[in-house]
Amino acid sequence: MPTVTYVDFQGQSTELDLAEGMTIMQGAVMNGVEGIEGECSGSCACATCHCYVDDAWLAKLPEMSENEEEMLEDTASERKTNSRLSCQIKATATMNGIVIHMPEEQE
Ligand code: FES
């Protein structure tokens, strides 16, 4: 089970063990971690699951789709070079220890 650390905008962190295949967004929403909303339930259609992936992990993630790339143009908080949509990142064993930072706002 990959361990994911979610760090909210105030710097408080929450560590969760996610089942493989579960997305980073699902892990947050199902466990009541605030800062990731996931309004479209993972359809890559809302951008309320925007997150910043810790730089050390960025290169280990699958490339983003064209659709994710487009949705990231419409985030409530600033888009950065490490911005991703957390509903498009599935937890895998190689991701064990990943750190996800939440933006200031999602809407
Ligand atoms: S949950 Fe809507 S884009 Fe990720």
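Which residue of E5 does valine 4 stand opposite? The partner is isoleucine 98, and this pair is a handy place to start a walk through the model, which is a predicted one.

Let's stay with strand E1, which covers residues 3–7. Five of its five residues are buried, so the strand is largely enclosed by the rest of the structure. If you look at its two faces separately, Thr3, Thr5 and Val7 sit on one side, while Val4 and Tyr6 sit on the other. Both faces are covered, with all of these residues buried. Valine 4, from our opening pair, thus belongs to the face that also holds Tyr6.

E1 has strand neighbours to follow next. With E5, made of residues 98–101, E1 pairs in the parallel sense over four bridges. With E2, made of residues 13–17, the pairing is antiparallel and runs over five bridges. Within that second pairing, tyrosine 6 stands opposite threonine 14 of E2. E1 and E2 together form a hairpin, with five residues between the two strands. If you check backbone torsions in the turn, glycine 11 has a positive phi of about 95°.

From E5 we can step across to strand E3, residues 50–53. E3 and E5 run antiparallel and are joined by two bridges; here tyrosine 52 has histidine 101 of E5 as its bridge partner. E3 also runs antiparallel to E4, this time with three bridges, and cysteine 51 stands opposite arginine 84 of E4. Like E1, E3 is covered on both faces: His50 and Tyr52 are buried on one side, and Cys51 and Val53 are buried on the other.

Now for the loops. Asparagine 31 is in the loop that links helix H1 (24–30) to E3. Its relative accessibility is 45%, so asparagine 31 counts as partly exposed, short of the 50% that an exposed residue must pass. For a sense of distance, the C-alpha atoms of asparagine 31 and alanine 93 are separated by 20 Å, and the two residues are 62 residues apart along the chain.

Another loop, between helix H3 (66–71) and strand E4 (83–85), holds glutamate 73. Because its relative accessibility is 62%, glutamate 73 counts as exposed. Glutamate 73 is also one of the residues of a negative surface patch, which it forms with Glu66, Glu70 and Asp74.

Technical notes: Residues are numbered from 1 along each chain as its sequence is written. This is a predicted model: local features need pLDDT of at least 70, side-chain atom pairs count only at pLDDT 80 or more; totals for chains, interfaces and linings use all residues. Side-chain values use heavy atoms; hydrogens and water are left out. Patches are made of residues with over 30% relative accessible area and no salt bridge: like charges are joined within 9 Å, nonpolar side chains (Val, Leu, Ile, Met, Phe, Trp, Tyr) within 5 Å. Accessible areas come from the Shrake-Rupley method with a 1.4 Å probe; for residues, only the protein chains shown count as cover. A salt bridge is a side-chain nitrogen of Lys or Arg within 4 Å of a carboxyl oxygen of Asp or Glu. Lys and Arg count as positive and Asp and Glu as negative; His and the chain ends are not counted. The place of a charge is taken as NZ of Lys, CZ of Arg, CG of Asp or CD of Glu. Buried means under 20% relative accessible area, exposed over 50%, partly exposed in between (1.4 Å probe, protein chains only). Two strands pair if DSSP finds at least two bridges between them.
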